[in-house]
Protein chains: 2
Amino acid sequence: MLLKEKNLDFELVCENPWDRKLEVFALDPAGEVPVLVEEDGTVISSAYAICEYLEDIYPHITLIGTTPAERAEVRRLVGWFDHKFDYEVTQNILFEKVFKHYAHHGEPNTGIIRTGKSNMLYHLDYIGHLAKERYFLAGDNLTLADLAAAAHLSALDYLGDVPWDYNQDAHNWYALMKSRPSLRCILTERVHGVRPPVYYENPDF
Amino acid sequence: MLLKEKNLDFELVCENPWDRKLEVFALDPAGEVPVLVEEDGTVISSAYAICEYLEDIYPHITLIGTTPAERAEVRRLVGWFDHKFDYEVTQNILFEKVFKHYAHHGEPNTGIIRTGKSNMLYHLDYIGHLAKERYFLAGDNLTLADLAAAAHLSALDYLGDVPWDYNQDAHNWYALMKSRPSLRCILTERVHGVRPPVYYENPDF
């Protein structure tokens, strides 16, 4: 999404981290995705390092902001979604329902999934609160904070686990995000054997 | 540690996040620490946003590096310690042994603590591997990667839970870190009712 918002050319290569391939560990000692491989062979791994690197070298369209205070607010919210939301919601739902299956880690734990769904409600209220005051999550403009939040929510939405009726302002913000080409191209992707809800791709949902 | 390495003046105020005080939520909607309050009233919360903000406005002594590739490597390792190490080691040991007690979340789970200690071993090997090749973790100079790693390890070392004999290169790197004034002032602090091991403060351990 960030590469697309910055109008950069790129080619996506699908890697399943649960396959634990040596080629992936050669690029990233943590064996995780995403990894960015530049044309000159430079390899950058981890979402945090990749996003800041893309801002450092392609600042023509900034997604982190210009003043130090704006940048701090964007980073606070990126941290919120990539760590707090990830830990309290995404890990509890996506890991249990999907990754456990692929990684052969046993059956989903319904108690953990329930905790994740219950935690999601106050996060939707927080998104709604920000979106009502600010248009986008960190201010007047689209930033990495919106991309981080939309990335997590679109994965959970694919599983039909986001109760959009719960907060109308959060719903309206996500409708706006769904109309961005950077999110729209992700929404056309499908996971083999899992069908998303009928409203998944529709910006009017 | 970052403020000290940058030679900035500051005053520390102790907050226990488990007290869930309204004053803390007023500064940070997540109710977490650290929070940075500037003299002009600017409030920055979350370690990620604070560290990048301090680099943005006080670049005279950089702890993230100068070239985009150097900065990406520092950030990859900061992410490694603040998320991967935190999730696999610190949360399993520090949360179970200490935070659970203060937050009245029940008894420590010895199985989780054992998992944390077992995970720590390959992290010590990784630190040793980096420190042997590079002097400091991200290269020739001290960076935020060293501070992040030392912050996690010093908390676990206070509990006597770091098996320093396991990797000599990791041990030597930490001895070097212990001699920095930025870490040394933290090592004099004590948690009420918990005595650290005798070697805790000693750079020759």
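Helices (H or I, at least four residues) and strands (E, at least two) are taken here as DSSP runs, numbered from the N terminus. The structure is a predicted model, in which local features need pLDDT of at least 70, side-chain atom pairs count only at pLDDT 80 or more, and totals for chains, interfaces and linings use all residues. Residues are numbered from 1 along each chain as its sequence is written, chains are lettered from A and ligands numbered from 1 in the order in which they are written, and side-chain values use heavy atoms, with hydrogens and water left out.

We may begin with the relation between the chains. Chain B is superposed on chain A by a rotation of 180° with 0.0 Å of shift along its axis, at an RMSD of 0.0 Å; the two copies are thus related as by a two-fold rotation axis. The superposition is by least squares on the C-alpha atoms of residues with pLDDT of at least 70 in both copies. In chain B, the residue that comes closest to the rotation axis is B:H83, its C-alpha lying at 3.9 Å.

The interface comes next. Chain B and chain A each bring 27 residues to the contact (heavy atoms within 4.5 Å). Because 100% of the interface residues of chain B are also interface residues in chain A, the copies meet through the same surface. About 2,300 Å² is buried between chain B and chain A, 66% of it on carbon and sulfur atoms; this buried area is the accessible area (1.4 Å probe) that two parts lose on being put together, summed over both. On the side of chain B, the residues that lose the most area to chain A are B:Y48, B:R75 and B:R76, together 27% of what that side buries.

Charged pairs are well represented here. A salt bridge (a side-chain nitrogen of Lys or Arg within 4 Å of a carboxyl oxygen of Asp or Glu) is found 30 times over all chains, and eight salt bridges cross the interface of chain B and chain A. One of these contacts pairs B:D56 with A:R71, at 2.8 Å from N to O. Strand 2 (43-45), helix 3 (47-57) and helix 4 of chain B each supply at least two residues of the side that touches chain A, and helix 4 of chain B gives the largest share, 13 residues.

Another salt bridge links B:R75 and A:D56, with the closest N and O atoms 3.1 Å apart. B:R75 lies in helix 4 (residues 68-102) of chain B and A:D56 in helix 3 (residues 47-57) of chain A, so the pair joins two chains. B:R75 is buried, at a relative accessible area of 1%, whereas A:D56 is partly exposed at 27% (buried means under 20% relative accessible area, exposed over 50%, and partly exposed in between, with a 1.4 Å probe and protein chains only). Both residues belong to a network of salt bridges that links A:E52, A:D56, A:R71, A:R75, B:E52, B:D56, B:R71 and B:R75.

Within helix 4 of chain A, two further pairs deserve a look. A:K84 and A:E88 form a salt bridge at 3.2 Å from N to O; being four residues apart, A:K84 and A:E88 are separated by about one helical turn. A:K84 is buried at 13% relative accessible area, and A:E88 is buried at 18%. A:K100 and A:E96 also meet in a salt bridge, at 2.8 Å, and they too lie four residues apart in helix 4 of chain A.
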